[in-house]
Amino acid sequence: MYLVYEYVERGSLGKVLYGEEGKVELGWGTRVKIVQETAHAIAYLHHNCSPPIVHRDITVNNILLEPGFVPRLSDFGTARLLNPDSSNWTAIAGTLGYMAPELTLSMMFTDKCDVYSFGVVALEIMMGRHPGELLSSLSSSSSSSSTAISYGADMFLKDVLDQRLLPPTGELAEDVVFVVSMALACSRAAPESRPTMQFVAQKLSAGTRAYLSTPIEMITISNLGGLQI
């Protein structure tokens with residue numbers, strides 16, 4: 001059997017994000033659009049396919065970009081059908097740094113595993129780097145470690161965003177804040193506390209913005225946890 005792939009001109013999102021184009025052409029508006037359209041692609045797999053499909057390896061390298069930076073989800077080699085009448089046990093598959101924490105513990109996949117991976121990717125797009133250190137610090141911020149608390153929840157959003165770009169302003173700043181808050185919700189450690197991809201896609205495409213009562217320069221990661229999404 002053969003798989004026929006469409007040629008996608010710009011290559012992977014990872015290549016573009018970390019290359020020269022990342023700071024020249026991937027402005028905040030383009031990044032928000034990529035996150036929105038990627039969310040719709042995953043929501044289609046989860047909510048419009050019967051049975052639902054779980055991708056299991058959503059990373060910046062498995063998202064390809066067409067001209068105009070239109071994202072295309074690729075590499076379905078580890079994808080599985082989600083059987084509602086089964087426990088869906090599986091061998092561990094995916095890319096380290098993007099796998100949901102519960103997958104390594106239970107070896108049982110659900111659609112919430114993809115939600116977690118999407119959250120990591122969305123943060124990576126906005127940060128211009130993998131958010132592993134940030135997510136680790138947030139998961140340990142309930143401990144008495146002042147270092148974890150300082151780096152995680154109390155860190156300013158402006159210091160988390162990609163430093164190669166000028167800070168977003170106006171409505172674009174509100175869009176960026178909303179995307180980051182949604183990404184943080186998707187990458188929560190507990191799968192039951194993550195939203196569905198259908199909810200995420202609908203909210204991101206609805207033009208809903210988090211009203212900024214304070215300048216973006218003063219917003220911390222802990223502020224985003226309290227936003228209504």
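Which hand does the crossing of H3 and H9 have, left or right? In this predicted model, the crossing of H3 and H9 turns out to be left-handed. Helix H3 covers residues 28–47, and it packs against H9 at an angle of about 40 degrees, with the two axes 10 Å apart. On the H3 side, the residues involved are Trp28, Gly29, Val32 and Val35, and they meet Leu172, Asp175, Val176 and Val179 of H9. Sorted by class, that contact comes to six nonpolar residues, one polar and one charged.

H9, which runs over residues 170–186, also has H5 (residues 111–127) as a partner: here the axes come within 7 Å and cross at roughly 145 degrees. This crossing, too, is left-handed. H5 brings Val115, Tyr116, Phe118, Gly119, Ala122, Leu123 and Met126 to the contact, while H9 offers Val176, Val179, Val180, Ala183, Leu184 and Cys186. The tally for H5 with H9 is 12 nonpolar residues, one polar and no charged. Val176 and Val179 of H9 thus turn up in the contact with H5 and also in the one with H3.

Back on H3, there is another helix to look at. The axes of H3 and H10 (residues 197–205) come within 8 Å and cross at roughly 150 degrees, and this crossing is again left-handed. From H3, the contact takes in Val35, Gln36, Ala39, His40, Ile42, Ala43, His46 and His47; these meet Met197, Gln198, Val200, Ala201, Leu204 and Ser205 in H10. Here the split is eight nonpolar and six polar residues, with no charged ones. Val35 is listed in this contact with H10 as well as in the contact with H9.

Past H3, the backbone has a couple of quirks. Ser50 and Pro51 are joined by a cis peptide bond, with omega at about 0 degrees, and Pro51 sits in the loop between H3 and strand S1 (53–54). Arg56, in the loop between S1 and S2, has a positive phi of about 75 degrees despite not being a glycine.

Next comes a hairpin. Strands S2 (residues 63–66) and S3 (residues 70–73) pair in the antiparallel sense over four bridges. Among the partners, Ile63 is bridged to Leu73 and Leu64 to Arg72. As a rule, side chains in a regular strand alternate between the two faces of the sheet. Three residues lie between the strands of this hairpin, and Gly68 adopts a positive phi near 85 degrees there.

What about the rings? Searching the whole structure for aromatic pairs gives zero. Charges over rings are another matter. Arg10 lies over the face of Phe69, at 4.1 Å from the ring centre. Arg31 has its charged end over the ring of Trp28, 5.5 Å from the centre. Trp28 is also one of the H3 residues that meet H9.

Definitions and conventions:
Residues numbered from 1 in each chain as written. Predicted model: local features only at pLDDT ≥ 70, side-chain atom pairs only at ≥ 80, totals over all residues. Heavy atoms only, no water. Pairing = 2+ DSSP bridges. Helix = DSSP H or I, 4+ residues; strand = E, 2+ residues; numbered from the N terminus. Phe/Tyr/Trp six-rings, centres within 6.5 Å; stacked < 30°, edge-to-face > 60°. Lys NZ or Arg CZ within 6 Å of the ring centre and 35° of its normal. Axes fitted to C-alpha atoms, helices over the stretch in contact; angles between N-to-C directions. Left-handed = near helix turned anticlockwise from the far one by under 90°. Contact = heavy atoms within 4.5 Å. Nonpolar A, V, L, I, M, F, W, Y, C, P; charged D, E, K, R; others polar.
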